[in-house]
Amino acid sequence: MTIDTIEISSGTMDYLKFGQGEEKLVIIPGLSVRSVLRFAEAIAEAYELLASEFTIYLLDRKSNPPKGYTLNEMASDTAEAIRALGIQRASVLGASQGGMIALTIAITQPDLVDKLVVCSTSARMEGAALDVLATWIELAKAEDAEGLYLAFGKAIYPSNVFSSMRSALLEEAAKTTSEELRRFVILAESARDFNVLNDLDKIACPVFAIGSKDDGVFGAEPTLQIAERLGNRPDFALHLYDGFGHAAYDLAPDFKERVLRFLKSR
């Protein structure tokens with residue numbers, strides 16, 4: 001599959017486009033050490049169910065983020081890329097840090113978002129999640145790619161999945177460059193001060209919040225915080241998994257079906 005590049009005012013952003021549907025769906029992935037676009041074919045296959053209903057755009061982060069790049073800037077750049085692609089309004093699906101970006105876009109540019117799905121994310125960085133993030137940043141700064149991948153995998157996957165993926169994670173670590181680690185530090189540090197909890201009422205579109213009771217990064221509390229702020233709205237939906245960890249968006253077998261039902265509901 002082809003990875004394309006879109007120009008924005010502050011640089012460029014790579015993206016993947018697939019699907020045949022008339023409606024538009026933008027996917028904003030979570031924080032990763034190396035770009036998830038390397039797995040373009042696997043991603044398109046995983047979202048095959050939605051691809052018949054939507055034209056799907058998977059947006060990477062900006063190609064060369066500067067030191068001190070903030071999550072608000074990340075959201076602004078992502079929204080600019082969406083508009084540059086000719087998309088006037090789309091459903092948006094954000095996972096983990098991608099969920100933070102998606103929440104920010106829905107708050108600051110509500111005209112752009114038709115429906116919002118956020119999974120394994122938080123409206124405010126706090127508590128244990130900050131400690132997890134700090135560990136990842138420390139390992140990346142030390143250029144300990146192996147340690148970073150193992151810490152990352154242990155946090156996002158259930159123990160049985162982590163054990164089965166250990167070799168693959170170490171293979172990825174061996175391929176990781178110093179430049180990729182530098183970029184990871186910049187993107188990870190952008191989340192440290194993130195807090196839009198008190199602005200959630202500015203979201204004008206329907207929202208589906210998906211979390212996991214056994215999320216090794218956030219736990220279930222941040223999803224429940226979002227539900228506490230938005231749960232009195234008739235266009236809000238909530239689902240909590242148990243047994244799939246932080247990566248429920250990849251591991252839960254019914255995740256795409258749940259997302260599709262929400263996006264097609266009226």
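This report describes strand E5, its pairing partners and the loop that precedes the strand in a predicted model.

## Burial of strand E5

Strand E5 spans residues 90–95 and is mostly covered, with 6 of its 6 residues buried. The covering applies to both faces of the strand. On one side lie Ala90, Val92 and Gly94, and on the other Ser91, Leu93 and Ala95; each of these residues is buried.

## Pairing with E3 and E6

E5 pairs with strand E3, residues 23–28, in the parallel sense, and 4 bridges link the two. Within this pairing, leucine 25 stands opposite serine 91 of E5. Serine 91 is also one of the buried residues of the strand.

Strand E6, residues 113–119, likewise pairs with E5 in the parallel sense, here over 5 bridges. Alanine 90 of E5 stands opposite valine 113 in E6, and Ala90 lies on the side of E5 that also holds Val92 and Gly94.

## The β-α-β unit

E5 and E6 also belong to a β-α-β unit, together with helix H4, residues 97–108. The unit is right-handed.

## The loop before E5

Leucine 85 is located in the loop between helix H3, residues 71–84, and E5. Leaving aside residues up to four places away in sequence, leucine 85 touches Ile6, Tyr15, Tyr57 and Leu59.

One of these contacts, tyrosine 57, is separated from leucine 85 by 28 residues in sequence. In space, the C-alpha atoms of leucine 85 and tyrosine 57 are 9.3 Å apart.

Conventions:
Residues numbered from 1 in each chain as written. Predicted model: local features only at pLDDT ≥ 70, side-chain atom pairs only at ≥ 80, totals over all residues. Heavy atoms only, no water. Buried < 20%, exposed > 50% of the residue type's maximum accessible area, 1.4 Å probe, protein only. Pairing = 2+ DSSP bridges. Right-handed = clockwise from strand over helix to strand, strands pointing away. Contact = heavy atoms within 4.5 Å.
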